[in-house]
Amino acid sequence: MFSWLEKNPFFFTVAFLLVFSIAGLVEILPDFIKSSRPIEGLRPYTVLETAGRQVYISEGCYNCHSQLIRPFQAETDRYGAYSLSGEYAYDRPFLWGSKRTGPDLHRVGDSRTTDWHANHMWEPTSVVPYSIMPAYHHLFKKDADFDTAFAEAYTQKVVFGVPYDVKDGVPLGNIEDAKKAYMQEAEEIVNDMKNQKVKEAFEKGHVKEIVALIAYLNSLGQARINK
Amino acid sequence: MRDNATLEYDYSIAKLFLYATMVFGFIGMLIGVVLAFQLAFPDLNYIAGEYSVFGRLRPLHTNGIIYGFTLSGIWAAWYYLGQRVLKITYHQHPFLKFIGYLHFWLYIILLVLAVISLFAGLTQSKEYAELIWPLDILVVVVWVLWGVSMFGSMGVRREKTIYISLWYFIATFTAISVLYIFNNLAVPTYLVSGVGSVWHSISMYSGSNDAMIQWWWGHNAVAFVFTSGIIAIIYYFLPKESGQPIFSYKLTLFSFWSLMFVYIWAGGHHVIYSTVPDWVQTLGSVFSVILILPSWGTAINMLLTMRGQWHQLKESPLIKFFVLASTFYMLATLEGPIQAIKSVNALAHFTDWIIGHVHDGTLGWVGFTIIAACYHMLPRMYKREIYSKKIMDIQFWIMTIGIVLYFSSMWISGITQGMMWRDVDQYGNLTYQFIDTVRVLFPYYVIRGIGGLMYLIGFIMFIYNVVMTITASKELDREPNYASPMAA
């Protein structure tokens, strides 16, 4: 059979495809729907958090920080309760990472404050001596991208049925409503920060990337489940 | 083989890909060295403002090496050996030649756009699939062009039987097509909402599902670019260079079909102890161990091809590159399965040991095979002898020492990291703070950086040797048969 296949590239390719497809079908299909269900009480990301998540992705934070706490005591002691599949139901894409150059962040919102993050991002060694993380001054200068964050939340709602605008949940509404909520939420973060330039910019209606990123980091944790 | 002489092969496209291999290899490795030293000396993060921060550069390094260096090498080999094993020449097939050129130039445009967009922080964040959606579409176009070239060439072939290298090229082409498309399915948010950035999209899959699809792809980018594409190269160039027939045809058949069946299951070993279903993790773990068989089948087949001919190791640096490449392949494919065992994975996952594993594979197996293949093609494409055998020899040793420094420092640093993370005192409390585990790694990061730098220096010597061969070396009156001629 093999000598025949070697003379017929078309059937060779078909044979390859059959041999190769089995694993994908067996491994991916059976649990596909089940493992994407949200756990009870999980709320979607707000628009400000979504904007922060986009900053997190764009700066490549996932290259050094994982968001997956494995079920070992050393990890639950260090980071908090181990991660559950249903916590990631609104994460597109997932951000588990594959290397811990820095610590895991899946519960970082439960243990760190806005002020801590702001200091850490401006000068990491000021709060963690000997940290090898770079400083992120440019996040204090650039405005967060509200439009794209709204576009993402809107797409999550319309295409993937993520529960925005439900009773006691996260409101989204139209773009004006969303902007209003976005500014309100940003104000809370800005009030907790000490950086004068960020505060002044906010007075003029500008939300800096750092504000959005901190909102996202604050959302990482078990607090998000019970809201 | 003798009637080969009557065909005048057309190397124009292979030459272009050879240049791309050198350029992207240099850029990718240079960024790699910068990244390595950034971890030891964080101030290096600011050499180019926000554009040189680790998180932005790392995807450029991986994409540059996988899609710039490795794919260029694979395609240089395809446009060279494809004609030879199919007994065709692009001189007689202007359409195939046109497709080849189109393939090359669109690929270059794609890579330039990839570099710009990644520097700008435009990324999907899925590892080895970072490119934004419009570029994904361009990737598909480039890939299809390769398919047209490959299957088109087979359509007009004079040689009835498809040579082993082409089995592996077919596998690379087909598998990557399927995996890439499924992993990159995404919804551009602008098209749905009409506001925001047109470059932004969100994945079709969420959370655990997204992770499964991502590592189904991520691991098999290794399988079908770094493995089957490179096996295709060595199966042609090692027998050609050594003048020896491949050791065993049956072993070839066994290792090909079992590799193709087994590899794809192994993606699950990236998500052990994660939130994907347990049985998926177990399958990933078990099949990763089974994967030793086909991998070693190929490596043993290569090494035994040299049986009775080991004196060639002394005589030819090219054979040294090939033999050490196969040896590194054995090392990497033993190490990988060990790391996929659940209890070992609990320690190794998230640590530098994984980085070490990837690099003994890529530096030793992928890099050496491509470099050796380029050296083999040079005298035949340019009808000149290789400029300097001595440079090749020195290059070989510098690079080899570099690789050893790289993986040994990463083994130590990874295992140290893993042990310190889990260490508890007599009362069961964690012994170390996270930052303690970072500080202790400093010396290993420096050694790794030096290892990487040595490899880069070796690669620069390679580029120099290639350029001098093309421009200043002694001309040959005809194509050499085997054993590449080289000056002292």
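Trainee: Which residues are linked with Glu59(A) in a network of salt bridges?

Mentor: Side chains of opposite charge can pair when their charged atoms come close. Here, in a predicted model, the network links Glu59(A), Lys142(A), Glu50(B) and Arg56(B).

Trainee: How many salt bridges does the rule find over all chains?

Mentor: The count comes to 21 over all chains. Across the interface of chain B and chain A, the rule finds 3. One pair to look at is Asp352(B) with Lys99(A), whose side chains meet at 2.8 Å, N to O.

Trainee: What else describes that interface?

Mentor: Take the residues, then the area. Chain B brings 94 residues to the contact and chain A brings 81. Together the two chains bury about 7700 Å², with 68% of it on carbon and sulfur atoms. On the chain B side, Trp257(B), Phe350(B) and Phe434(B) lose the most area to chain A. Those three make up 11% of what that side buries.

Trainee: How many residue pairs are in polar contact across the interface of chain B and chain A?

Mentor: The rule finds 27 such pairs, both residues at pLDDT 80 or more. Helix α7(B) gives the most to the side of chain B that touches chain A, with 11 residues.

Trainee: Back to salt bridges within a chain. Are Arg53(A) and Asp91(A) buried or exposed?

Mentor: Both are buried. Their side chains meet in a salt bridge of 3.6 Å, N to O. The pair links distant parts of the chain, 38 residues apart. Arg53(A) sits in helix α3, residues 47–58 of chain A. Asp91(A) lies in the loop between α4 (73–79) and α5 (108–111) of chain A.

Trainee: And Asp168(A) with Lys167(A): buried or exposed?

Mentor: Asp168(A) and Lys167(A) are both exposed. Their salt bridge spans 3.7 Å, N to O.

Trainee: Where do Arg384(B) and Glu475(B) lie?

Mentor: Arg384(B) is in the loop between α14 (352–382) and α15 (389–422) of chain B, and Glu475(B) is in the segment after α17 (442–472). They are 91 residues apart. The closest N and O atoms of this salt bridge are 3.9 Å apart. Arg384(B) is buried, at 17% relative accessible area. Glu475(B) is exposed, at 58%.

Trainee: Now the cores. How many residues has the largest nonpolar core?

Mentor: In soluble globular proteins, nonpolar side chains tend to be buried together. The largest core here has 174 residues, and Trp75(B), Phe224(B) and Phe237(B) have the most contacts inside it. Helix α7 of chain B, residues 207–242, supplies the largest share of this core, 20 residues. Beyond its sequence neighbours up to four places away, Phe237(B) touches residues including Tyr80(B), Phe322(B) and Met377(B). A second, separate core of 53 residues includes Tyr56(A), Leu139(A), Ala149(A) and Phe150(A).

Trainee: How many disulfides does the structure hold?

Mentor: There are 0 over all chains. Take Cys61(A): the closest cysteine sulfur, in Cys64(A), is 8.6 Å away, too far for a bond. Cys61(A) counts as buried, at 17% relative accessibility. Cys374(B) is buried too, with a relative accessible area of 1%.

Trainee: One last site. Where does His269(B) lie?

Mentor: Look in the loop between α8 (249–262) and α9 (278–290) of chain B. His269(B) is buried, at 13% relative accessible area. Side-chain polar contacts join His269(B) to Ser288(B) at 2.6 Å and to His270(B) at 3.4 Å. Among the residues His269(B) touches farther along the sequence than four places are His219(B), Gly284(B) and Asn345(B).

Notes: Residues numbered from 1 in each chain as written. Chains lettered and ligands numbered in written order. Predicted model: local features only at pLDDT ≥ 70, side-chain atom pairs only at ≥ 80, totals over all residues. Heavy atoms only, no water. Core = buried A, V, L, I, M, F, W, Y, C linked by side-chain atoms within 4.5 Å. Buried < 20%, exposed > 50% of the residue type's maximum accessible area, 1.4 Å probe, protein only. Helix = DSSP H or I, 4+ residues; strand = E, 2+ residues; numbered from the N terminus. Contact = heavy atoms within 4.5 Å. Disulfide = S-S within 2.5 Å. Buried area = accessible area lost by both parts, 1.4 Å probe. Salt bridge = Lys/Arg side-chain N within 4 Å of Asp/Glu carboxyl O. Polar contact = N/O pair within 3.5 Å; in protein donor to acceptor, adjacent residues only side chain to side chain.
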